[in-house]
Amino acid sequence: MTEQFISADGYIIVAPMWNYGVPPMLKVYIDAVCIARKAFRMTENGADGVISV
């Protein structure tokens, strides 16, 4: 899923706020996509995102 996510041109995520947080299924998706050294990498200045917003 990470490669498919990175290869897309843009994203529109529409989700309700549940108790000032994201729904559990959206959190599961974000956790599945954010893989270290694919979606981001750590540098001496902190996290460097490969996926630009």
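**View 1. A nonpolar patch on the surface of the predicted model.** In this predicted model, let us start with three residues that sit together on the outside: Met-1, Tyr-29 and Ile-30 form a nonpolar surface patch. Taken together, the three offer about 290 Å² of accessible area. Met-1 belongs to the segment that comes before helix H1, which covers residues 2-7. With a relative accessible area of 56%, Met-1 is exposed, because the cut-off for exposed is over 50%. If you would like a landmark for Ile-30, look for Tyr-11: the C-alpha atoms of these two residues are separated by 13 Å. Along the chain, Tyr-11 and Ile-30 are 19 residues apart.

**View 2. The whole chain, for orientation.** Before going further into the details, it helps to step back. The protein chain holds two helices and two strands, and reading along the sequence gives the pattern α-α-β-β. The radius of gyration is 13 Å, well over the 10 Å that the globule rule gives for 53 residues, so the chain is more spread out than a compact globule. A box of roughly 35 × 25 × 15 Å, taken along the principal axes, is filled by the C-alpha atoms. How much of the chain counts as buried? Of the 53 residues, 11% do. The accessible surface comes to about 4,700 Å², and carbon and sulfur atoms account for 60% of this surface. Contacts tell another part of the story: among those between residues at least 6 apart in sequence, 44% join residues at least 24 apart.

**View 3. A salt bridge within helix H2.** Which residue forms a salt bridge with Asp-31? The partner is Lys-27, and the closest N and O atoms of the pair are 2.8 Å apart. Side chains of opposite charge can pair when their charged atoms come close. Both Asp-31 and Lys-27 lie in helix H2, which spans residues 24-33. They are four residues apart, about one turn of the helix. Asp-31 counts as partly exposed at 45% relative accessibility, and Lys-27 is partly exposed too, with a relative accessible area of 44%. The salt bridge count comes to one.

**View 4. The hairpin of strands E1 and E2.** Here you can follow the chain as it runs through strand E1, residues 40-43, and then strand E2, residues 46-49. The two strands run antiparallel and are joined by four bridges. Together E1 and E2 form a hairpin, with two residues between them. Two of the facing pairs are easy to find: Arg-41 stands opposite Asp-48 in E2, and the bridge partner of Phe-40 in E2 is Gly-49. In a regular strand the side chains alternate between the two faces of the sheet.

**View 5. Phe-40 in strand E1.** This view stays with one residue of the hairpin. Phe-40 is found in strand E1. Is Phe-40 buried or exposed? At 27% relative accessibility, Phe-40 counts as partly exposed, because buried means under 20% and exposed means over 50%. For a sense of distance from the start of the chain, look for Glu-3: the C-alpha atoms of Phe-40 and Glu-3 are separated by 12 Å. Along the chain, these two residues are 37 residues apart.

**View 6. The loop between H1 and H2.** Three residues guide you through this part of the chain. Tyr-11 is found in the loop between H1 and H2, and with a relative accessible area of 36% Tyr-11 is partly exposed. Further along, Asn-19 lies in the loop between H1 and H2. The phi angle of Asn-19 is near 50°, a positive value in a residue other than glycine. Asn-19 is also exposed, with a relative accessible area of 78%. Tyr-20 has its place in the loop between H1 and H2 as well. Although Tyr-20 is not a glycine, its phi is positive, at about 60°. At 81% relative accessibility, Tyr-20 counts as exposed.

Methods:
Residues are numbered from 1 along each chain as its sequence is written. This is a predicted model: local features need pLDDT of at least 70, side-chain atom pairs count only at pLDDT 80 or more; totals for chains, interfaces and linings use all residues. Side-chain values use heavy atoms; hydrogens and water are left out. Two strands pair if DSSP finds at least two bridges between them. Patches are made of residues with over 30% relative accessible area and no salt bridge: like charges are joined within 9 Å, nonpolar side chains (Val, Leu, Ile, Met, Phe, Trp, Tyr) within 5 Å. Accessible areas come from the Shrake-Rupley method with a 1.4 Å probe; for residues, only the protein chains shown count as cover. A salt bridge is a side-chain nitrogen of Lys or Arg within 4 Å of a carboxyl oxygen of Asp or Glu. Buried means under 20% relative accessible area, exposed over 50%, partly exposed in between (1.4 Å probe, protein chains only). The radius of gyration is taken over C-alpha atoms; the globule rule is 2.2 Å times the number of residues to the power 0.38. Contact means heavy atoms within 4.5 Å.
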